[in-house]
Amino acid sequence: VLFRSVLSTRDQCRNLNPIQYLPDLSLSIKMTKTGIVCNISGRTVNLDPKHAVPNCINFVSHAHSDHLPNGDSGLVLATRETKEIATLRGHKIQNHVEHLEEFRLYDSGHILGARGLLFDDVFYTGDICTRDRGFLKGATIPKCQTLITECTFGKPEFVFPKIDDTIKRVNELISDLYHKGKPILLMGYQLGKAQTISNLFGHWEPMYYHDSVKQMNELHNKLGIPLKEAVGHTEAQTKGLLDKKPWVMVCPLMSENNPFVKQMKSKYDAITVGFTGWAKSNVSFGRKSDYSIPLSDHCDYVELLDLVKKSGAQKIYTIHGFVEEFAQDLTKLGYDAQPLRENSLDEFL
């Protein structure tokens, strides 16, 4: 009998049901140059592949560009929201289906339309967040035998403040800057963070959107997410609205050297507030704003540990982020965990 892990005593062996620990040699998971490939019982499932492969199932977890496939030859399982957002961003998803028998999608709480996938007792998280943030609700974690999880913030230094504390801090900051007559750029990724910011701080007036954010917010409204309507930055500039300070504008996350940011600072004396999970790290792009606010669409370290615990998984694979460090920490806690690297291949239950 092959056991999943080495048992330290004979008594432990007597207390275990060996059937639960037999590896299923029909299941293999590997990381390739084009994504994660799962083979089980003669069926191939590609997880967030760079190319949609024919004659197999291609799962697209969400519409951030690093998760969208090129090509249109393979069947793609994704939500309608992911398909619509991908189209707006110039990625047409062909051969699209929203449902497949034996495949269950779970809201991953990352961005609108983002899902994790459960199949054959394997759960793939995609990018995941278990915190409620405005209109986004935290992810639901199903029970599974094998967990493939991202760990973007898989180090103990990444523990984010509670969302209510973040909202309070930012509202106080905006109030103080308004009192000084300063216009403010609230900056977050154009897809995901910008919509959360628009939702959380949409009560400030006057509010404007960077044109790209306005376009994405309008699609969210079309898809049933009520975000505040606001004038785009080009129209606001043309009409001289930005000359009447103070104001708030929601923008993509940009560096201090970006021409748009330079113009907003030189012409209007704008203050930049960047929202990113890297705000307190030594990563340079986490500190390119006048104020950096820790806010992420991913789980922090503690939430990742809780995710693993809730899943009940007996095998954990780490992908994206601090894969080595997080796998090592899980191993120290008694889990059977390892990074899923390119060219690696494992067989397990």
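Before we start, a working cut-off: a residue is buried if its relative accessible area is under 20%. Keep in mind that the model is predicted.

**Exercise 1. Find which residues of helix α2 are buried, and work out how they sit around the axis.**

Step 1. Helix α2 spans residues 80–88, and its buried residues are E81, T82, I85 and A86.

Step 2. These four lie on the same side of α2, because the arc they cover around the axis is only 130 degrees. The general rule behind this: with 3.6 residues a turn in an α-helix, residues three or four places apart point the same way.

Step 3. Now look for the cover. Helix α5 (211–222) is included in what lies over the buried residues of α2.

Step 4. Finally, check what comes after the helix. α2 is followed by G90, which has a positive phi, near 90 degrees.

**Exercise 2. Lay out the parallel sheet and say which strands stand at its edges.**

Step 1. Write down the order: β13-β12-β14-β11-β15-β16, an open sheet of six strands with parallel pairing.

Step 2. The edges are β13 (231–232) and β16 (291–293); each has a single partner strand, so one side of each has no neighbour in the sheet.

Step 3. Start at the β13 end. β12 (residues 207–209) runs parallel to β13 and is joined to it by two bridges. Y208 has V231 as its bridge partner in β13.

Step 4. Move on to β11 (184–187). Its pairing with β14 is parallel and has four bridges, with L185 opposite M249. With β15, the pairing is again parallel over four bridges, and here L186 stands opposite V273.

Step 5. Which way do the side chains of β11 point? I184 and L186 go one way, L185 and M187 go the other, and all are buried. That fits the general pattern, in which side chains of a regular strand alternate between the two faces of the sheet.

Step 6. Add a helix. α3 (residues 163–179) lies across β11, β14 (248–251), β15 (271–275) and β16, and runs at about 160 degrees to β16.

**Exercise 3. Decide how enclosed helix α4 is, then place Q190 just before it.**

Step 1. Go through the buried residues of α4: K193, A194, Q195, T196, I197, S198 and L200.

Step 2. That makes seven of the eight residues of the helix, so α4 is largely enclosed by the rest of the structure.

Step 3. Ask what does the covering. The list for the buried residues of α4 includes α3, β11, β12, α5, β14 and β15.

Step 4. Q190 sits in the loop between β11 and α4 (193–200). Buried or exposed? Its relative accessible area is 19%, so Q190 counts as buried, given that the cut-off is under 20%.

Step 5. Look at the company it keeps. Leaving aside neighbours within four places in sequence, Q190 contacts R89, Q195, S212, V213, M216 and P252. With one of these, R89, the side chain of Q190 makes a polar contact of 3.2 Å.

**Exercise 4. Do the same for the mixed sheet, helices included.**

Step 1. This open sheet has six strands too, in the order β7-β8-β9-β10-β17-β18, and its pairing is mixed.

Step 2. β7 (104–107) and β18 (337–339) are the edge strands, each pairing on one side only. From one strand to the next, the twist averages 20 degrees.

Step 3. For an antiparallel pair, take β8 (residues 115–119) and β9 (residues 122–124), which share three bridges. L118 stands opposite F123 in β9.

Step 4. Now for the helices. α8 (residues 301–311) lies across β10 (146–151) and β17 (315–321), at about 170 degrees to β10. α9 (residues 323–332) lies across β10, β17 and β18, at about 155 degrees to β17.

**Exercise 5. Check the cysteines and take stock of the whole chain.**

Step 1. How many disulfides are there? With sulfur atoms required to be within 2.5 Å, the count is zero.

Step 2. Consider burial at two cysteines. C56 is buried with a relative accessible area of 13%, and C151 is buried at 0%.

Step 3. Zoom out. The chain has nine helices and 19 strands, and 53% of its 349 residues count as buried.

Step 4. Last, sequence separation: of the contacts between residues at least 6 apart in sequence, 57% join residues at least 24 apart.

Conventions
Residues numbered from 1 in each chain as written. Predicted model: local features only at pLDDT ≥ 70, side-chain atom pairs only at ≥ 80, totals over all residues. Heavy atoms only, no water. Buried < 20%, exposed > 50% of the residue type's maximum accessible area, 1.4 Å probe, protein only. Arc of directions from axis to C-beta. Contact = heavy atoms within 4.5 Å. Pairing = 2+ DSSP bridges. Axes fitted to C-alpha atoms, helices over the stretch in contact; angles between N-to-C directions. Polar contact = N/O pair within 3.5 Å; in protein donor to acceptor, adjacent residues only side chain to side chain.
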